[in-house]
Amino acid sequence: MRTLTFHENGEHRWHLFGHDADRPANVIDTNQYVVESEGRAALIDPGGLEIFPQVLAALSEHVAVEAVDHIVLSHQDPDVGSSLPLWREVCNPDMTVHVADVWTSFVSHFDNDARLTALPDSGGTVTVGSLALELVPAHFLHAPGNFCVLDARAGVLFTGDIAASVIPDDYDGFPWVRDFAAHTRFMEAWHRRAMGAERARDAWIALVRSLGVKIIAPQKGSLLAGENVDRFLDWFGRLEIGKGIDAIAEWQRAYQGRTARTG
Amino acid sequence: MRDEVEHAAEGSAGREKARHGVAGLINRCIRAYRSFAALEDLAEDLRILSLNAELLAGRTGDGGRAIRVLTQYTRELVTHLKQVYDALDALESQTFAAGAASLKEFHRLRLLERSAGLSSSPAVRAARERASARAVANVRAVVAAASALTEHTRTVTTITTQSKTIAVNIAIEATWHGGYGQHFASVAETMRTYARRLEDMSTDARGWVGEAMTLGAALSRAA
């Protein structure tokens, strides 16, 4: 499990725990983030059950688990937050778990005893020490209830599965994307398939362009900084998304063909 | 003295052995419950047989009094069998609930043990101990369910013996009843058939319950 502290300004830090070469081979690689401010912390997308020990070990070298006041789940997927019941075992009992309103009863399948704060579609704010983290709506990118996390002070936008990349373990473009054009080969298949709503994509891109984001921190793969932020927004805006939707009509044609032959 | 089941849940080797033990215990209990799957139908068949025999005994006047006593006794056995069936039904749910909770807790425990190996945080140690305590409590619940299943199996075995005795007595009574004798002999034969089905069930269940109790004892002795 690699650790990267990619923003540090006094007591204000962003840590990434991820790119774990020792994870089980069939478990997708994910990034887990901790934002620290004035000795308090928020854990963003804490990851799946199977990688909990490694993430906990890496995190506890930087942050006391008792200092984690918030867990934010960008959406409901198991690689995002199925470790939730174990984090609740070790963290502050008063810790709050934030998740989209539409997913609270789904996330309860991971942990029925968790005290979940339901985020409305319009988002919300989480206070960590002296820092206000904005929970920014990004619905349908890819989950129907989905949030990014904006730290306006640091210029960091955690984007969940947007800008995610599935990269090889020995990739030299981790943690930072060096050659954006070359990096797109690790993002393209995912974005074509997982992102299905052009209207949502276009609205989100327009929003992000207005926020002065310096760093895009996705839940999988490499981070984008500086000019690569705009390069990503341009590339994503041009990408043909919704791959798989055509399969519906293709199946219908094939089905009609089969039933016509068999009567 | 330190509780041996608690000891079994400590440490990864003990935890894995306990987890396998619980999975095996649940498997044996499931098979024992399956052995009794037709118990309710059999109880109903016995009840109808006893009613028919009683109607027949009614036609023989005072001479059928002994048969009526035997059929009433049969219906008491039917009531016991239905009670056992209902109890098994509830116990089956409890066994699965406790078994599933155990397996879930062992999964958590496995991850918390790995975490404790990687982190020296007191919070992690405390979480591991809590998970271990929950795993132990759930294992105890599964072992208790297996013990209760043993008791119900014994009850069915006792009812089997009593059913056989009733069949023999009806057969003896049949020899005293002239024209009705062949009808009572037929009742006795059907009763014997039902008793054999009951015996097959309890023999099959006893085998699985025996294995379950061996596993339960091993769990309690602590891996």
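Which strands of chain A does helix α1 (residues 52-60) of chain A lie across? In this predicted model, α1(A) lies across β1, β2 (12-18) and β3 (32-37) of chain A. Its direction makes an angle of about 150° with β2(A).

The strands beneath this helix belong to an open sheet of chain A with seven strands. Their order is β1-β2-β3-β4-β5-β6-β7, and the pairing is mixed. The edges are formed by β1 (2-9) and β7 (116-119) of chain A, each of which pairs on one side only. From one strand to the next, the twist averages 20°. In general, strands of a sheet pair through backbone hydrogen bonds, in either the parallel or the antiparallel sense.

Both senses occur here. Seven bridges link β1(A) and β2(A), which pair in the antiparallel sense. Within this pairing, Arg2(A) has Gly18(A) in β2(A) as its bridge partner. The two strands form a hairpin, with two residues between them. In the turn, Gly10(A) has a positive phi of about 65°. On the pairing of β2(A) with β3(A), the sense is again antiparallel, over six bridges. There, Leu16(A) stands opposite Tyr33(A) of β3(A). β2(A) is mostly covered, with five of its seven residues buried. By contrast, strand β5 (residues 68-72) of chain A runs parallel to strand β6 (residues 96-100) of chain A. Three bridges join β5(A) and β6(A). Ile71(A) has Val97(A) in β6(A) as its bridge partner.

Helix α1(A) is itself mostly covered: eight of its nine residues are buried. The buried residues are Phe52(A), Pro53(A), Gln54(A), Val55(A), Leu56(A), Ala57(A), Ala58(A) and Leu59(A). The cover over them draws on both chains. From chain A, it includes β1, β2, β3 and α3. From chain B, it includes α4 and α5 (122-174).

The same helix figures in the contact between the chains. Across this contact, 13 residues of chain A meet 13 residues of chain B. On the chain A side, the elements giving two or more residues are α1 and α3 (84-90). The largest share of that side, six residues, comes from α1(A).

A further open sheet of chain A has six strands. These follow the order β8-β9-β10-β11-β12-β13, with mixed pairing. At its edges stand β8 (124-128) and β13 (224-225) of chain A. Each has a single partner strand, so one side of each is left without a neighbour in the sheet. Within this sheet, strand β11 (residues 156-160) of chain A pairs in the parallel sense with strand β12 (residues 215-218) of chain A. Four bridges make up the pairing of β11(A) with β12(A). Among the paired residues, Val156(A) has Ile215(A) in β12(A) as its bridge partner.

Chain B is built differently in its secondary structure, with six helices and zero strands. Read from the N terminus, its elements run α-α-α-α-α-α. The radius of gyration of chain B is 25 Å, well over the 17 Å that the globule rule gives for 223 residues, so chain B is more spread out than a compact globule. Along the principal axes, the C-alpha trace of chain B spans about 85 × 25 × 20 Å. Buried residues account for 39% of the 223 residues in chain B. Of the contacts in chain B with a separation of 6 or more, 81% join residues 24 or more positions apart.

Two helices of chain B illustrate the packing. Helix α3 (residues 39-59) of chain B packs with helix α4 (residues 65-118) of chain B at an angle of about 165°. Their axes are 9 Å apart. Since the angle is over 145 degrees, α3(B) and α4(B) are therefore roughly antiparallel to each other. α3(B) passes α4(B) in a left-handed crossing. On the α3(B) side, the residues that meet α4(B) include Leu39(B), Ala43(B), Leu46(B), Ser50(B), Ala53(B) and Ala57(B). On the α4(B) side, those that meet α3(B) include Ile67(B), Thr71(B), Thr74(B), Val78(B), Leu81(B) and Tyr85(B). An α-helix has 3.6 residues a turn, so residues three or four places apart point the same way.

How values were computed. Residues numbered from 1 in each chain as written. Chains lettered and ligands numbered in written order. Predicted model: local features only at pLDDT ≥ 70, side-chain atom pairs only at ≥ 80, totals over all residues. Rg over C-alpha atoms; globule rule 2.2 N^0.38 Å. Buried ≥ 20, exposed ≤ 12 C-beta atoms within 10 Å, placed from the backbone. Contact = placed C-beta atoms within 7 Å. Pairing = 2+ DSSP bridges. Axes fitted to C-alpha atoms, helices over the stretch in contact; angles between N-to-C directions. Parallel < 35°, antiparallel > 145°, perpendicular 65-115°, else oblique. Left-handed = near helix turned anticlockwise from the far one by under 90°.
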